[in-house]
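Hi,

Here is the structure I promised to pass on. Have a look at it first, and then read my notes below.

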Amino acid sequence: MTCPHCQRDIADYSNFCYFCGARQHASTAQPPRASKRLMRSSVDCKIGGVCGGIAEYLEVDSTIVRLIWVLLVLMPVPLVPAFVGYFVAWLILPKAPLPTPYAAPPAPASTPAQTA
Ligand SMILES: [Zn+2]
């Protein structure tokens, strides 16, 4: 692969150029991340987390999804009743696991003082 900054040839999968130190695009060489699942959001939820989950799945702002849902409620499309759709999605979609609130502290190292 070629560094886009200095145009020199560097090894594939390099994160940084050897010559100029420019950061390389890591996404091109690595496989896409694990397939994401459509789940109810556990953190971005106003009612049941359905809109938040859809927003996370589509990688859009959850406000946009909620706005579309509100518009569907106000102006119901005969094929997609928003309330029924939300309820069915709430029933079907699994709840996303809660993210860890903070980085878990490292396992207590067995220092000589503690083992006494
Ligand atoms: Zn370079």
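**What I found**

Leaving out residues up to four places away in sequence, Lys-95 touches Met-39, Arg-40, Ser-42 and Gly-49. Keep in mind that this is a predicted model. Lys-95 sits in the loop between helix 4 and helix 5, the latter being residues 112-115. Val-50 is 45 residues away from Lys-95 in sequence, yet their C-alpha atoms are 9.1 Å apart in space. As for burial, Lys-95 is partly exposed, because 14 other C-beta atoms lie within 10 Å.

Now the overall picture. The protein chain has five helices and zero strands, so to speak an α-α-α-α-α run from the N terminus on. Of its 116 residues, 9% are buried. Among the contacts with a separation of 6 or more, 26% are between residues 24 or more positions apart.

Helix 2 is where I'd start. It covers residues 50-58, and its buried residues are Val-50, Cys-51, Gly-52, Gly-53, Ile-54 and Glu-56. What do these buried residues of helix 2 pack against? The partners are helix 3 (62-74) and helix 4 (82-92).

Take the pairing with helix 3. The axes of helix 2 and helix 3 are 8 Å apart, and the two pack at an angle of about 125°. Helix 2 is therefore oblique to helix 3. Their crossing is right-handed. On the helix 2 side, the contact is made by Cys-51, Gly-52, Ile-54 and Ala-55, and on the helix 3 side by Ser-62, Val-65, Arg-66 and Trp-69. Sorted by character, the residues of this contact between helix 2 and helix 3 come out as five nonpolar, two polar and one charged.

Helix 3 also packs on helix 4. Here the axes come within 8 Å and cross at roughly 130°, which means helix 3 is oblique to helix 4. Trp-69, Leu-72 and Val-73 of helix 3 meet Ala-82, Phe-83 and Tyr-86 of helix 4. How do the residues of this contact of helix 3 with helix 4 divide into nonpolar, polar and charged? The split is six nonpolar, no polar and no charged. Trp-69 of helix 3 turns up in the contact with helix 2 and in the one with helix 4.

Two backbone spots are worth a look. Most residues other than glycine have a negative phi. Glu-59, which follows helix 2, has a positive phi near 55° and is not a glycine. Glu-59 lies in the loop between helix 2 and helix 3. Is Glu-59 buried or exposed? Glu-59 counts as exposed, because it has 7 C-beta neighbours inside 10 Å. Gln-7 is the other spot: its phi is positive, about 65°, although Gln-7 is not a glycine. Gln-7 is found in the segment before helix 1, and with 10 C-beta neighbours inside 10 Å it counts as exposed.

That segment before helix 1 (26-29) also holds Ile-10. Ile-10 has 17 C-beta neighbours inside 10 Å and so counts as partly exposed. Apart from neighbours within four places in sequence, Ile-10 is in contact with Met-1, Cys-3, Cys-17 and Tyr-18.

Cheers

Key. Residues are numbered from 1 along each chain as its sequence is written. This is a predicted model: local features need pLDDT of at least 70, side-chain atom pairs count only at pLDDT 80 or more; totals for chains, interfaces and linings use all residues. A residue is buried if 20 or more other C-beta atoms lie within 10 Å of its own, exposed if 12 or fewer, and partly exposed in between; C-beta atoms are placed from the backbone. Helices (H or I, at least four residues) and strands (E, at least two) are DSSP runs, numbered from the N terminus. Two residues are in contact if their C-beta atoms, placed from the backbone, lie within 7 Å. Axes are lines fitted to C-alpha atoms, for helices over the stretch in contact, and angles run from 0 to 180 degrees between N-to-C directions. Angles under 35 degrees count as roughly parallel, over 145 as roughly antiparallel, 65 to 115 as roughly perpendicular and the rest as oblique. A crossing is left-handed if the near helix is turned anticlockwise from the far one by less than a right angle, and right-handed if clockwise. Ala, Val, Leu, Ile, Met, Phe, Trp, Tyr, Cys and Pro count as nonpolar, Asp, Glu, Lys and Arg as charged, and the others, Gly among them, as polar.
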